[in-house]
Amino acid sequence: MAIGSGLGAQLGIAAETTYGTFVAPSRFIEFTKEGLALKKTTAQSAGIAAGRLMALSSRRVVTRREVGGSIDLEVTNKGMGLLLQALMGTSVTPVQQGAGPAYLQTHTLASVAGKSLTIQKGVPLTTGTVTDKTFVGCKVTGGEFSCGVGEMLTGTFEIDGKDCDEGQTLAAASYSSMSPFHFGQMALKTGAFGTETALDGIRKVSVKIERPQDVERFYANQSALKKEPIENDQVKITGNLETDYVATTLDDLHTSDAATSLVWEFVGPNIATTYFETFRITLPAIRLDEGPPVVDGFGVVKPTMNFTALYDGTNPVKIEYISTDATL
């Protein structure tokens, strides 16, 4: 029996072969908060019958079912591949680095068609019995990463799903030994693509990746369930940089509206030879939208620069992840 509180909860995930078709979880992720839930739309018959004062319970119907919510977690040195693949779209096979246990995943921005997950949630009753809620057809519609002074690198993944299946067997959770990336490992670089250099004065960084999709594909002959969402707008990537005003580098970029490449990375312990645990986001072209320095008191001037990432015409946005995971 598990502990009868959130301490006994679990989340398992697996990549689906067919949208909305259950696959037993192959990875178990450590999370800090989740909000995944079945959403149902109901309709109530309102026919008039002589003397009837209330609507009949037997004539309430469910007209559509879907899943929505989010998962909050600390970005760790293992087990992130399936979520990153569902967010970015590229089908990734980890590539061994050298002859040791280090494997590189390169998640470049691509279509998310065909990329869906089964997410199985275990929710404990107070008795310690863990109930199963299995969400199928889960598409990642957005992801946001953030880290500031004294913090862990955190991620939030927005989920849209097809249905909740409570008839599956709850998988036994197992966890690899893992550790989170954090501010002490963080670096931010800007400049010409491929030759970016460290930028001083950065206190906090956040990057948000939005994958707009038509999630309203409800048709006849689908038993009140949706078909796989289809991308219906361009990808939107935004972020902000909380800084101390130590130089005019970002201020000048704001004034000129010039583009710069941005590399935000976390480098952890050595895995083997020259390969280290790594989480790296590369945005080949960003432009500063707002946030020029203002003086609002006696303290150090602390601009927060908001930016939008755009395509430079050549180099794709990518997330690189080096871990000991030989598979996603």
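How many bridges join strand E1 to strand E8, and in which sense do the two run? The legends below take up this question and then move on to other parts of this predicted model.

**Figure 1. The whole protein, as a starting point.** Welcome to a chain of 328 residues, of which 44% count as buried. Its secondary structure is made up of two helices and 21 strands. Measured out along the principal axes, the C-alpha trace spans about 80 × 50 × 40 Å. If you take the contacts between residues at least 6 apart in sequence, 70% of them join residues at least 24 apart.

**Figure 2. The outer surface and its charges.** Here the view turns to what the protein exposes, about 15,800 Å². Carbon and sulfur atoms supply 52% of that area. The protein has 28 positive and 35 negative charges, and the mean positions of the two groups lie 10 Å apart.

**Figure 3. Strand E1 and its partner E8.** Now back to the opening question: six bridges join E1 to E8, and the two strands run antiparallel. You can find E1 at residues 10-15 and E8 at residues 117-124. To get your bearings, look for Gly 12, which stands opposite Gln 120 in E8. E1 is mostly covered, with five of its six residues buried.

**Figure 4. Strand E1 and its partner E2.** E1 also pairs with strand E2, which takes in residues 27-28. Two bridges link E1 and E2, again in the antiparallel sense. A handy pair to pick out is Ile 13 and Arg 27, the latter being the bridge partner in E2.

**Figure 5. Helix H1, wrapped by the rest of the structure.** Is helix H1 enclosed or open? Eight of its eight residues, 81-88, are buried, so the helix is largely enclosed by the rest of the structure. Follow the helix along and you meet Gly 81, Leu 82, Leu 83 and Leu 84, then Gln 85, Ala 86, Leu 87 and Met 88, each of them buried. Just after H1 comes Gly 89, where phi is positive at about 105°.

**Figure 6. Thr 282 and its surroundings.** Thr 282 belongs to strand E19, which covers residues 275-290. Is this residue buried or exposed? Thr 282 has a relative accessible area of 4%, so it counts as buried, the cut-off being under 20%. Which residues touch it, once neighbours within four places in sequence are set aside? Thr 282 is in contact with Phe 193, Leu 262 and Val 263, and also with Pro 316, Val 317, Lys 318 and Glu 320.

Note on methods. Residues numbered from 1 in each chain as written. Predicted model: local features only at pLDDT ≥ 70, side-chain atom pairs only at ≥ 80, totals over all residues. Heavy atoms only, no water. Buried < 20%, exposed > 50% of the residue type's maximum accessible area, 1.4 Å probe, protein only. Helix = DSSP H or I, 4+ residues; strand = E, 2+ residues; numbered from the N terminus. Pairing = 2+ DSSP bridges. Contact = heavy atoms within 4.5 Å. Areas by Shrake-Rupley, 256 points an atom, 1.4 Å probe, with all protein chains shown as cover. Lys, Arg positive; Asp, Glu negative; His and termini not counted. Charge placed at Lys NZ, Arg CZ, Asp CG, Glu CD.
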